[in-house]
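Colleague: I'd like to learn how to read a model like this one. Can we go through a few features together?

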Amino acid sequence: MDTAQELPAWVTGFLAVAKKYVTDRDLGMRAIMREYRRGDGLALTVGIQQGETNEGVSVAEYGAYNEYGTDKIPQRSFMGTAFDENKAGYIRYMTRASKAIGLQSFANMATTLGLKAQQDIQNVITKRNILPKLADSTVKAKGDTKTLVDTGALANSITFITRRK
């Protein structure tokens, strides 16, 4: 049945009475749905963004050498370590934040999560010594035993961006 004329008389009478006494109030669902639509297609990228250089060398390239290793540089995964150690916290935050849609925007949620992930990666780089230890020749040339930190360019290049896919 597509039209009210096809409904039995008692149903159309009931609907007429219901319209008179029932008020449909928006308790925030429109704002929630609007925010979900705004968030659709939003991407958060955390790491070394394209174009960062240090003394003419691509920081992203240098970071990839350390993250994954090469035939001469051992793997010292700083981004993977930060993600693995904080994944449960990121999920908890997103679960809590998604319940607050309408009170805050997807963009604000992504910014908060991006800042947290950025800090977590920077902390792994600057506050930890990721194994394996530096080779004796590297320690001698560098004058320090700290892995992943020389000029600070790697840690300072960790940022986040939000954009539309």
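Modeller: Sure, and keep in mind that this is a predicted model. Where do you want to start?

Colleague: With the inside. Which residues make up the largest nonpolar core?

Modeller: The general idea first: in soluble globular proteins, nonpolar side chains tend to be buried together. Here the largest nonpolar core has twelve residues, among them Ile48, Val59, Phe78, Ile125, Leu148 and Leu154. Two or more residues each come from H4, helix H5 (106-127) and H7, and H5 gives the largest share, three residues. There's also a second, separate core of seven residues, including Tyr90, Tyr93, Met109 and Ala117.

Colleague: Take one member, then. What does Leu154 touch?

Modeller: Leaving out residues up to four places away in sequence, Leu154 touches Ile48, Val59, Tyr62, Gly63, Phe78, Ile125 and Leu148.

Colleague: Leu148 comes up again. Where is Leu148 found, and is it buried or exposed?

Modeller: Look in the loop between H6 and H7. Buried means under 20% relative accessible area, so Leu148, at 7%, counts as buried. Check its backbone too: phi is near 70°, a positive value in a residue other than glycine.

Colleague: Which other residue that is not a glycine has a positive phi?

Modeller: Glu55, with phi of about 55°. Glu55 sits in the loop between strand S2 (53-54) and strand S3 (57-58), and at 72% relative accessibility it counts as exposed.

Colleague: And omega? Which peptide bond is cis?

Modeller: The one from Leu131 to Pro132, with omega near 5°. Pro132 lies in the loop between H5 and H6. Pro132 is also one of the residues that Thr147 touches; the others include Arg76, Ile125, Arg128 and Asn129, not counting residues up to four places away in sequence.

Colleague: Why does Thr147 count as buried?

Modeller: Because its relative accessibility is 1%. Thr147 belongs to the loop between helix H6 (136-142) and helix H7 (153-156).

Colleague: How about a threonine in a helix: what does the side chain of Thr81 reach?

Modeller: The backbone oxygen of Ser77, at 2.4 Å. Thr81 lies in helix H4 (residues 78-99) and touches Val124 and Arg128, again not counting residues up to four places away in sequence.

Colleague: Last one, the surface. Which residues form a nonpolar patch there?

Modeller: Val17, Tyr21 and Val22, with about 340 Å² of accessible area together. Tyr21 is in helix H1 (residues 9-21) and, at 60% relative accessibility, counts as exposed.

Conventions
Residues are numbered from 1 along each chain as its sequence is written. This is a predicted model: local features need pLDDT of at least 70, side-chain atom pairs count only at pLDDT 80 or more; totals for chains, interfaces and linings use all residues. Side-chain values use heavy atoms; hydrogens and water are left out. Patches are made of residues with over 30% relative accessible area and no salt bridge: like charges are joined within 9 Å, nonpolar side chains (Val, Leu, Ile, Met, Phe, Trp, Tyr) within 5 Å. Accessible areas come from the Shrake-Rupley method with a 1.4 Å probe; for residues, only the protein chains shown count as cover. A salt bridge is a side-chain nitrogen of Lys or Arg within 4 Å of a carboxyl oxygen of Asp or Glu. Helices (H or I, at least four residues) and strands (E, at least two) are DSSP runs, numbered from the N terminus. Buried means under 20% relative accessible area, exposed over 50%, partly exposed in between (1.4 Å probe, protein chains only). Contact means heavy atoms within 4.5 Å. A polar contact is a pair of N or O atoms within 3.5 Å; within protein, one must be able to donate a hydrogen and the other to accept it, and residues adjacent in sequence count only if both atoms are side-chain atoms. A nonpolar core is a set of buried Ala, Val, Leu, Ile, Met, Phe, Trp, Tyr and Cys residues joined through side-chain atoms within 4.5 Å.
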